[in-house]
Each structure stands twice: as structure tokens, then as C-alpha cells.
Amino acid sequence: MRSLKYLIAISAFTIFTASAQQNQNLKGSNIAPKSKMDVFLNELMSKMTVEEKIGQLNLLTGGEAITGSTVNSDLENKVKRGEVGGFFSLTSPQKIRKAQALAVNHTRLKIPLIFGLDVIHGYKTTFPIPLGMSATWDMPLIEKSARIAAEEASADGINWTFSPMVDISRDPRWGRFSEGSGEDPFLGSEIAKAMVIGYQGDDLAKINTLMACVKHFALYGAGEAGRDYNTVDMSKVRMYNEYLPPYKAAIDAGAGSVMTSFNEINGIPATANKWLLDDLLRKDWQFKGLVVTDYTGINEMVDHGFGDLNQVSALALKAGVDMDMVGEGFLLTLKKSLGNGSVSIDDINRACRFVLEAKYKLGLFDDPFKYCDEERAKTKIYTVENRKFAREAATKSFVLLKNSNNTLPLKKTDKIALIGPLADSKVNMPGTWSVSTDLSKAISVRKGLEDALGNPSKLIYALGSNLLEDATYQERATMFGRTIPRDNRPEAVLIKEALDAAMQSDVIVAALGESSEMSGESSSRTDIKIPEVQRRLLEALLATGKPVVLLVFNGRPLDLSWENKHVPSILNVWFAGSEAGHAIADVLFGDVNPSGKLSATFPQNIGQIPIFYNHKNTGRPLADGEWFKKFRSNYLDVSNEPLYPFGYGMSYTSFEISNPVLSSKTMTPSSSIQVSVNLKNTGTSDGEEVVQLYIRDMVGSITRPLKELKAFQKIYLKAGESKQVLFTLTEENLKFYNSNLDFVAEPGDFKVFVGNSSANVKESNFNLSK
């Protein structure tokens with residue numbers, strides 16, 4: 001170790017001396033001195049061979065958390081040969097120190113490695129899946145969850161996270177709906193900013209921060225047929241107004257890196273799309289960070305029909321990709337492509353420079369082993385405080401969808417029958433993409449209720465049914481250690497056991513829905529109902545006449561039309577993370593009043609998809625409150641309305657929002673309008689309400705949405721308490737991208753709506769003058 005420190009010190013001294021001389025030579029000239037980073041990296045790159053530069057563009061998997069079908073080999077020798085710029089899926093200070101030592105001890109220029117991981121919704125302390133976190137509508141809470149994730153992951157050697165995923169989606173068949181923040185560009189943008197700030201803090205060089213990676217750039221959530229990795233095709237007007245804003249918000253917040261998406265855009269895969277990566281990202285948005293592919297994204301362009309590995313690697317580099325994840329296309333082909341003129345040395349230098357700048361900003365040149373403190377790993381990870389916050393976050397993510405006869409909250413004096421395939425499955429509680437979670441420590445619903453009741457005899461458990469009738473399907477749906485053991489006795493026997501338990505109880509809690517791996521990557525579904533075998537169990541439980549509370553586990557909006565019609569109380573609990581069982585008990589027993597609001601529309605059936613609140617009118621719209629009318633835009637068999645609208649969520653108390661009052665009926669480009677409402681808690685419990693403000697541009701140069709979210713506030717009120725809620729609208733809130741892709745606000749009439757969901761609002765109006 002002493003020799004290593006000596007070598008680093010000598011290298012640093014050489015570069016510092018050269019840097020000082022270069023700055024001295026600039027004195028008295030008209031050329032501004034370069035930054036310390038520029039001087040350092042100019043000197044370093046002047047010493048690098050082409051092979052060393054190409055090696056920096058190679059990101060390999062360390063093998064702990066495989067998220068694709070390819071793995072890398074011969075890792076140690078590749079590092080020693082200078083053919084690796086970084087690793088992902090390698091954790092712990094011990095392992096990362098060992099890998100880092102290979103780079104700084106056995107390569108000519110001792111350039112440190114960067115270490116990444118999919119820290120998606122927490123590290124060891126796991127928070128609700130991102131779709132669940134978005135249902136909190138609580139930006140400080142979301143930012144703090146990312147801050148805790150960064151604290152924990154950086155203590156375990158990680159300095160780069162492949163998060164946040166900011167893809168807008170309106171198709172719940174898509175499995176990765178679970179990883180995003182829903183359907184709305186405004187809410188998605190606010191969450192993207194909060195996540196980036198949480199991960200990166202105010203200084204990437206600090207020991208407890210992670211470099212964020214905005215993904216998947218771009219439009220990945222709009223794949224045709226809801227099928228993962230599939231084609232995306234849309235107009236630029238839709239891109240700019242509805243899908244691109246969260247990416248832009250994350251980049252404006254300072255995100256250090258961007259990941260390309262698997263899909264094509266305008267017929268060109270995103271990984272080789274020069275318009276996307278250079279014209280839009282680099283030139284228009286002035287992004288100065290690192291661009292990395294998704295897992296084998298370059299290689300997969302061969303199957304897109306874009307050429308062989310040599311051709312697609314050259315196309316990706318020239319389009320603006322800096323780092324190749326896992327596929328090794330850059331490593332294997334760029335030297336040859338440089339020789340035949342397919343790429344230039346300037347292309348390679350640009351990519352290498354962005355990789356080195358990321359390492360510099362993280363402080364790795366100052367101390368390659370800064371993230372390898374074993375003592376910090378012992379004290380900062382999975383702490384009591386972190387788990388307590390995860391429990392709080394989970395309670396705020398739950399959405400109360402229905403509560404007839406005030407079935408909820410439950411009484412702890414009641415005898416409870418807990419039934420269902422997800423009732424005692426702790427390994428499914430953290431949710432998909434929780435690759436670093438210790439599943440053995442997760443809290444099941446059964447454990448959470450037992451702890452809350454304090455008396456095992458008050459809880460009767462029964463499986464009731466298998467997760468899925470088809471055993472092969474169940475195996476696909478419980479991968480990566482999320483197994484739910486099957487009971488191969490006849491279905492009638494399992495239901496009878498459940499009914500026996502139910503008849504001994506005062507109330508039934510049914511834990512049903514998806515397993516965690518029924519959503520996530522490569523987990524698209526064409527049927528988004530609760531599986532039929534579980535539905536039959538639920539029918540039998542309802543037939544007992546006992547009160548039934550349905551806990552819905554899901555990573556996407558589901559078709560819950562049958563359940564909404566028949567079940568008295570429905571609580572959507574997503575997959576709530578490490579403390580799921582305790583958080584569910586907190587809300588079931590009323591220790592916490594649910595305050596979650598949907599960030600995505602739930603359809604009446606799959607035939608309505610895509611369905612989202614901020615749609616546009618047709619020339620033959622259906623009037624409000626109507627169902628079928630011939631020669632109007634509607635269905636024969638079902639209304640146009642959703643089952644549960646965007647922004648919807650109930651509470652154990654009730655709230656009343658007054659009509660909006662505007663400070664003026666006219667806005668000019670230099671003025672603003674204040675919108676005020678009075679919010680009152682009219683119920684008997686303390687609680688939180690999300691007051692939501694939407695606008696509608698009544699006449700535009702292009703067609704405009706019926707509603708657009710522009711502001712929201714989450715307000716806590718005690719029972720009987722009132723508060724004035726104020727919003728300020730400026731011209732900036734009214735801007736959109738027109739057919740020329742100019743960002744403009746057009747004069748004319750506007751409506752403003754305020755309410756507690758996109759469907760339950762009160763309105764006023766104003767005019768924007770020139």
C-alpha cells in the first residue's frame with residue numbers, strides 16, 4: 001500500500017507541475033486560464049495511447065446483479081491491460097478496493113475505475129418502487145429517499161447509480177411502468193429533479209454522494225403494444241410536450257450522466273441517434289456529462305438491422321455515446337474503425353474525456369479508494385433511522401381506492417383473517433429492481449400485523465390460493481429469489497382452509513395481486529387483472545358476508561373493475577420496500593392516515609389503453625356525463641371514463657376545497673396571477689390532502705390537452721382545521737412547444753382548475769394578453 005501511495009503521489013506531482021506551468025504560460029495573454037480539471041485532464045490525455053483511451057469507454061459487469069443476458073469474462077486481465085473504464089454490479093469496500101487496486105497498481109497511467117449499480121429505490125434500506133414513491137406527491141420525502149440511498153450505496157463502495165428512470169408511460173401493459181413516475185410530464189419532472197438532487201447533493205466529490213444517470217433516453221415508456229424494448233414512433237410535438245420534459249428537468253438539475261434507451265426514434269435506435277444525443281442533448285440542452293448505453297445496447301443494434309458490430313459501434317460513438325455497457329463493441333472494433341476512417345481520433349477523445357471528467361468530478365483522481373472505508377460501511381447502511389424513514393415513506397405511498405362503510409381503519413381488538421399468496425411472502429415486499437436488498441430481512445404483511453397486534457391469536461393466516469394457476473407462469477413471475485412456494489393440493493382445499501379462517505374472524509384482509517417480478521424489465525403483461533385463481537378466492541371470501549379489505553400488490557395500474565364493484569375496501573400498497581409489512585399495518589389500523597394519490601390512470605378494462613387524463617379532444621367529443629352517443633368518440637361497451645383517475649386517492653378523513661379565487665382575470669407576459677383556495681379538513685381525523693392545480697389553453701396554434709397539471713401542494717391539517725392554499729401562475733406555466741418546436745405562450749383564454757384529483761375540480765378562467 002505504501003508503494004501505491006508513492007506512485008499516486010509522484011503521478012499527481014508530475015501533473016500538478018505541468019498544470020502550474022501551463023497556467024503560468026497563460027498569464028498576460030488573452031486566453032482565460034483553464035479550470036483545474038481541464039489542465040489535469042489535458043495533461044493526462046496527452047500521455048494516453050489510443051488503446052488506453054478506448055479502454056476507458058468499456059463498462060463491464062462485476063457479476064453480482066446481472067440485468068441482461070450477457071456477462072463479461074477475464075475481468076482481471078482486462079483491467080491490467082487498461083481495457084476497462086469501470087464496473088457495475090460489484091459491491092462492498094473489500095471487492096471494490098481489490099478491483100481498484102488492479103487499475104492503479106497494474107496499469108501504466110493508474111487511471112481509477114468508476115463503480116456503478118442499479119440503486120433504483122434504495123440500497124440495503126429499500127423504499128417503495130418508484131411508481132409507489134410517485135404516489136406520495138411529496139418532493140422532500142422523495143429527495144430524502146435518494147439521499148439515504150446515496151449515503152448507503154457510497155458507503156458500500158458505489159459512486160454511480162443508474163437512476164432516476166424518468167420515462168413517461170401511458171400503457172400499463174409495460175412492465176417497467178413500475179420503475180417510473182407515471183403518466184404526467186409535470187409531476188415526472190418534479191420527481192426527476194428531486195431524485196437527482198438527492199443522489200448528487202451539492203458536490204459530487206463528497207464521500208456520501210452518487211452520480212445520477214437519467215434513463216432511458218428517450219421515449220422508452222412509449223413502446224408499441226406495451227412490449228419491452230419495442231419500437232417507439234411519435235411526432236416531435238408529442239415528444240417535446242409530453243415525453244421529454246422529465247429528462248430535461250433532470251439534466252437542468254445537474255445530472256452527471258445519461259443512459260440511452262433500447263428503442264428506436266424516427267427509425268434510428270436511440271444508441272446511434274445523432275439527432276437525439278448530439279443535436280438535442282449536447283447542443284440544445286447543453287449537457288456536459290457522460291452518455292452510457294444500456295446493457296449491450298450497441299450490440300443489439302445488429303438485430304435492429306443497423307449493421308455488424310463494427311458498424312453499429314462506430315455509429316454509436318459518432319452519435320455521441322461515450323461508454324459501452326457490457327457489450328465490448330467499442331473495445332473490439334474502434335481501433336479498426338479508426339484505421340479505416342469510420343471514426344476519428346476526435347470522436348474517441350471526446351468520449352474518453354467525458355468518462356475521465358466523471359471520475360474527476362467524483363474525486364477519484366484525488367483518492368481512488370475514497371469509497372472503500374469498511375468502517376463507514378458498518379455504520380451507514382440499513383440503520384434504524386433509515387428503516388424508520390422507509391416505513392414512513394411506504395405509508396405515504398399507499399392509495400386508498402375505496403372504503404365503503406368505513407371498513408378501514410381496523411380495530412386492534414378485532415380478530416383478523418389474513419389470506420392470500422402475498423400475505424406471508426417477505427421476499428416479494430421490496431419490489432422489482434431491488435437488487436441490493438437483503439430479502440431475508442424484509443417484513444411480510446403477516447409479520448407486520450403480528451407485531452402490531454402483539455397477540456398471535458388475534459391473527460389467523462391461510463394461503464387461500466396459489467399466485468397463478470399455471471405453475472410455469474408462476475415460475476416466470478417469481479424469478480431472482482422472489483419465489484412463492486406452490487401448494488399443489490386442489491384449489492377447493494385451499495379455499496376451504498381460507499373460509500375456515502374467515503369464519504373464525506371479525507374481518508378479512510386479502511393480500512392479492514401481482515408478485516414483484518410480474519412487473520419490471522421484460523415483464524410485460526397482456527392481461528392486467530388480478531389473476532383468476534386469486535379472483536375466485538376473493539369471490540369465496542366475499543360470499544361469507546364478513547367485511548373484506550383488499551390489499552392490492554402491483555407494479556402497474558391494474559384493471560380492478562370487478563374488485564371495485566364488489567369489495568368494500570381497497571388499499572393499493574404497490575411493493576413498499578424493506579418495511580412493507582409494518583407500514584401496511586400502520587395504515588390498516590389507522591396509526592397513519594393514507595394520503596397517496598395515483599400518478600397514473602387506472603382503466604376500466606385493457607381495451608381503453610392508452611388512457612391518461614391530459615388527453616386532447618377530438619372533433620366529435622362526448623359531452624361530460626354521457627356514455628354512448630352515435631357518431632361521437634366513445635365505445636359501445638364501456639364509458640370513456642377511467643376506473644380511478646390521475647391524482648385520485650381517498651383518506652380516512654374528508655376534505656373540502658373551495659372555488660378558486662384569482663387575483664386578476666388578466667395576465668400579461670410580465671405579470672402573474674395568484675390562485676387561492678380554502679382547504680378544510682371536514683372529517684374527524686388528522687390527515688394530508690394534495691391540492692392540485694390544472695390549466696387548459698382554450699385555443700392554440702396546435703391542439704391542446706383538456707387539462708395539464710401545473711402545480712400541487714401536499715397539506716397536513718388537523719381535524720376541523722382550515723388553511724388558505726396559494727398558487728402563482730406566470731407566463732412560463734402557460735408555455736408549450738408549437739409546431740415549429742418554439743417554446744411559447746400564446747395569448748388567449750385559459751381555464752384554471754383546482755381540486756383533489758384530475759376529475760374532481762372546481763374551475764375559473766383568465767386571459768393572457770399580449
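**Notebook: helix H13, backbone outliers, cores and voids**

I began at the end of helix H13, where Gly-341 follows the helix with a positive phi, near 85°. The model is a predicted one, and I read every value below with that in mind.

**Entry 1, helix H13.** I checked the length of H13 (residues 329-340) next. The helix has twelve residues, and at 1.5 Å a residue these should span 16 Å; I found the end C-alpha atoms 16 Å apart, so the expected and modelled spans agree. I then looked up burial along H13. Gly-329, Phe-330, Leu-331, Thr-333, Leu-334 and Ser-337 are buried. I asked what covers these buried residues of H13. The cover includes two helices, H3 (50-56) and H12 (309-319), and two strands, S1 (58-61) and S10 (324-325).

**Entry 2, positive phi outside glycine.** As background, I noted that most residues other than glycine have a negative phi. I looked at two residues that depart from this. Ser-89 is not a glycine, yet its phi is positive, about 65°. Ser-89 sits in the loop that runs between strand S2 (86-88) and helix H5 (93-106). Ser-92 also has a positive phi, near 95°, and is placed in the loop between S2 and H5. Are these serines buried or exposed? Ser-89 has a relative accessible area of 1% and is buried. Ser-92 comes out at 15% relative accessibility; the cut-off for buried is under 20%, so Ser-92 counts as buried.

**Entry 3, cis peptide bonds.** Most peptide bonds are trans. I recorded two cis bonds. One joins Leu-408 and Pro-409, with omega about 0°. Pro-409 belongs to the loop between strand S11 (399-403) and strand S12 (416-419). The other cis bond joins Lys-215 to His-216, with omega about -5°. I located His-216 in strand S5, residues 213-217.

**Entry 4, nonpolar cores.** In soluble globular proteins, nonpolar side chains tend to be buried together. I looked up the largest nonpolar core here and found 129 residues in it, with Trp-160 and Phe-217 making the most contacts inside. Which helix gives the most to this core? Helix H7 (residues 139-155) does, with nine residues. Apart from this core I noted another, of 75 residues, including Ala-135, Ala-540, Val-587 and Phe-589.

**Entry 5, the largest pocket.** I recorded a volume of about 1,200 Å³ for the largest pocket. Its lining has 33 residues, and Tyr-613, His-615, Asp-624, Glu-641 and Leu-706 are the closest to the centre. Strands S26 (748-755) and S27 (761-768) each supply at least two lining residues. Sorted by class, the lining holds 15 nonpolar, ten polar and eight charged residues.

**Entry 6, cavities.** How many cavities of 30 Å³ or more does the structure hold? I counted three. The largest cavity encloses about 220 Å³. I listed 27 residues in its lining, with Pro-130, Pro-164, Ser-181, Ile-191 and Met-195 nearest the centre. Helix H6 (130-134), H7 and helix H8 (185-200) each give at least two residues to this lining. H8 has the largest share, five residues. By class, I have the cavity lining down as 16 nonpolar, nine polar and two charged residues.

Technical notes: Residues are numbered from 1 along each chain as its sequence is written. This is a predicted model: local features need pLDDT of at least 70, side-chain atom pairs count only at pLDDT 80 or more; totals for chains, interfaces and linings use all residues. Side-chain values use heavy atoms; hydrogens and water are left out. Buried means under 20% relative accessible area, exposed over 50%, partly exposed in between (1.4 Å probe, protein chains only). On a 1 Å grid over the protein atoms alone, a cavity is a set of points where a 1.4 Å probe fits but cannot get out, and a pocket is an open set with protein on both sides within 12 Å along at least five of seven lines; lining residues have an atom within 4 Å of a point. Grid points are joined across faces, edges and corners, and a volume is the space filled by probe spheres set on the points. Ala, Val, Leu, Ile, Met, Phe, Trp, Tyr, Cys and Pro count as nonpolar, Asp, Glu, Lys and Arg as charged, and the others, Gly among them, as polar. A nonpolar core is a set of buried Ala, Val, Leu, Ile, Met, Phe, Trp, Tyr and Cys residues joined through side-chain atoms within 4.5 Å. The expected span of a helix is 1.5 Å times one less than its number of residues. Contact means heavy atoms within 4.5 Å.
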